[in-house]
Amino acid sequence: MQNHRYSDELLWRWRSMPDDTDVVRAFFSEDRSRRILVYRRKDGTYSFADQTLEFDEYEQEYWWRGTDNELSFYDSEESVLADIALLLGNMTEIAQTK
């Protein structure tokens, strides 16, 4: 079992998640400092977030920063994955546990 620097709870924190969305796929860098989340909106369209973990000196905690791509709309999970295939190099998919 690997001992990761960042906790599993931190991996799934998403304070600014777009309304009415569900994460359907999650990919992380080996050191868990970058993630790409594929999400589905309530209307059935899909998009993705590409984020990097950064420490906020003022708040004294970690935050995910990056793009949520709220204005990108895909008709399927497969079309998102095909479009972002190059971004997923060296990333590992991790299933969310609840």
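Visitor: Buried means under 20% relative accessible area, exposed over 50% and partly exposed in between (1.4 Å probe, protein chains only), so which of these words fits R25?
Guide: R25 counts as partly exposed, with 23% relative accessibility. Please keep in mind that this is a predicted model, in which local features need pLDDT of at least 70 and side-chain atom pairs count only at pLDDT 80 or more, while totals for chains, interfaces and linings use all residues. Residues are numbered from 1 along each chain as its sequence is written, and side-chain values use heavy atoms, with hydrogens and water left out.

Visitor: OK, and what does the side chain of R25 meet in a salt bridge?
Guide: That partner is E93, at 2.5 Å from N to O; a salt bridge here is a side-chain nitrogen of Lys or Arg within 4 Å of a carboxyl oxygen of Asp or Glu.

Visitor: Where do those two sit in the chain?
Guide: E93 lies in strand β5 (residues 91–93) and R25 in strand β1 (residues 21–29), so their pairing ties together parts that are 68 residues apart in sequence. Strands are DSSP runs of E with at least two residues, just as helices are runs of H or I with at least four, and both are numbered from the N terminus.

Visitor: Which residues are in a network with R25?
Guide: E77 and E93 are linked with R25 in a network of salt bridges.

Visitor: How many salt bridges are there in the whole structure?
Guide: The search finds five. One of them joins R34 to D50, with the closest N and O atoms 3.0 Å apart. R34 lies in strand β2 (residues 34–41) and D50 in strand β3 (residues 46–56), so this pair connects parts that are 16 residues apart in sequence.

Visitor: Is D50 buried or exposed?
Guide: D50 counts as buried at 17% relative accessibility, whereas R34 is partly exposed, with a relative accessible area of 24%.

Visitor: Changing topic, what order do the strands of the sheet have?
Guide: The open sheet of five strands runs β4-β3-β2-β1-β5, with antiparallel pairing, where two strands pair if DSSP finds at least two bridges between them. The edge strands are β4 and β5, each of which pairs on one side only.

Visitor: And how many bridges join β2 to β3?
Guide: Seven bridges join these antiparallel strands, and R34 has T52 as its bridge partner in β3.
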